Amino acid sequence: MTEAAFMNAETVDMALGCSTNTMLHLPAIAHEAGVELDLDKSNAISAKTPNLCHLAPAGNTFMEDLDLAGGVYAVMKELTKKNLLNTDLITATGKTVAENLEGVVNNDEETVRPIDNPFSQTGGIAVLKGNIALDGCVVKQSAVSPKMMAHEGPARVFNSEDDAIEAIYAKKINPGDVVVIRYEGPKGGPGMREMLNPTSAIAGMGLDESVALITDGRFSGATRGASIGHVSPEAAAGGNIALVEEGDIIAIDIPNCKIELKVSDEELAKRRAAWVCPEPRIKTGYLARYAKMVSSADKGAILLP
């Protein structure tokens with residue numbers, strides 16, 4: 001596989017408005033193929049790729065609707081109208097992208113918007129950077145309410161998903177809060193379990209338009225709201241997310257791809273000097289070996305030599 005093939009895949013994902021998990025899978029697959037895939041390129045791809053689909057929970061259409069509209073091929077066909085895909089690449093069918101798309105028709109222009117009438121002019125995923133995520137973090141911006149595209153609020157800090165869920169269900173999270181769930185990354189989890197539960201709970205309680213969630217863990221494709229994952233470096237690797245304290249102000253600016261912990265460098269240095277990494281949750285067996293060898297999420301959570 002070539003870098004161009006991965007760029008095609010990411011472009012299609014941006015148009016579909018799909019899962020943040022893509023930002024794990026593609027770098028990991030690229031690594032196995034000997035291709036370096038830099039997360040920094042994602043925002044450039046997003047900036048030129050219109051979002052053509054609003055599948056649930058971002059919208060009211062579903063995978064079966066996409067299938068009836070012509071499937072992913074219908075999305076790709078729309079993208080070729082503005083030369084956003086490399087159509088000369090050979091695919092798994094043995095044919096080029098262009099050959100695969102011959103005769104493809106978009107059967108439902110509401111499920112798959114025409115390229116000139118997208119849901120938005122930018123793609124579904126954004127990579128944010130700042131002092132809390134020096135190597136980046138990922139948000140499904142196509143599923144974020146316009147009210148939450150820029151948000152600033154106090155941190156509510158939890159060292160596990162379970163602790164966060166308990167607080168959410170106990171109605172201890174207030175409008176304006178920024179829920180921080182850490183030590184759930186590749187190393188800290190270990191293994192980045194899917195955090196559909198807290199994001200669903202926040203949405204179910206009607207807080208998805210007033211509460212943000214930041215984690216070094218990951219989400220499912222069903223995530224909606226300002227749910228920001230894959231914070232890298234993760235807490236268990238000493239990332240700055242480990243230094244966040246209850247009540248710290250966190251500023252999120254999705255349109256400008258920025259996220260900032262409003263704490264001075266001097267204060268962060270003091271906290272780092274006092275920080276002690278918690279004992280690993282699993283100390284034996286394969287998962288313990290995995291935790292020692294795994295990379296950060298921005299590299300695809302690959303195993304290092």
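1. Helices, as the term is used in this note, are DSSP runs of H or I at least four residues long, numbered from the N terminus. The model under review is predicted. On that numbering, H1 provides the largest share of the lining of the largest pocket, namely 5 residues.

2. The space in this largest pocket amounts to about 400 Å³. Its lining comprises 17 residues, of which Ala5, Asn8, Ala9, Thr91 and Val97 are the closest to the pocket centre. Two or more lining residues come from each of helix H1 (3–16), helix H5 (71–80) and helix H6 (97–100).

3. As to the character of that lining, 13 of the residues are nonpolar and 4 are polar. Charged residues are absent from the lining of the largest pocket.

4. How many cavities of 30 Å³ or more does a search of the whole structure find? The search returns 1 such cavity. The volume of the largest cavity is about 50 Å³.

5. The largest cavity is lined by Thr199, Ile202, Ala203, Asp208, Val211, Ala212, Leu213, Arg224, Gly225, Ala226 and Ser227. Helix H8 (196–204) and strand S5 (212–215) each contribute at least two of these residues. The largest share, 3 residues, belongs to H8.

6. In composition, the lining of the largest cavity divides into 6 nonpolar, 3 polar and 2 charged residues. For the largest pocket, by contrast, the corresponding division is 13 nonpolar, 4 polar and no charged.

7. Ser210 merits separate comment. This residue is located in the loop between H8 and S5, the two elements that each supply at least two residues to the lining of the largest cavity. Is Ser210 buried or exposed? Ser210 has a relative accessible area of 18% and is therefore classed as buried, the cut-off being under 20%.

8. Which residues does Ser210 contact, leaving aside its neighbours within four places in sequence? The contacts of Ser210 beyond that range are with Met148, His151, Pro175, Gly176 and Asp177.

9. Two remarks concern the aromatic rings. The structure contains 0 aromatic pairs. The ring of Phe119 does, however, have the charged end of Arg113 sitting over it, at 3.9 Å from the ring centre.

Key:
Residues numbered from 1 in each chain as written. Predicted model: local features only at pLDDT ≥ 70, side-chain atom pairs only at ≥ 80, totals over all residues. Heavy atoms only, no water. 1 Å grid on protein atoms, 1.4 Å probe; cavity = no way out; pocket = protein on both sides within 12 Å on 5 of 7 lines; lining within 4 Å. Points joined across faces, edges and corners; volume = space filled by probe spheres on them. Nonpolar A, V, L, I, M, F, W, Y, C, P; charged D, E, K, R; others polar. Buried < 20%, exposed > 50% of the residue type's maximum accessible area, 1.4 Å probe, protein only. Contact = heavy atoms within 4.5 Å. Phe/Tyr/Trp six-rings, centres within 6.5 Å; stacked < 30°, edge-to-face > 60°. Lys NZ or Arg CZ within 6 Å of the ring centre and 35° of its normal.
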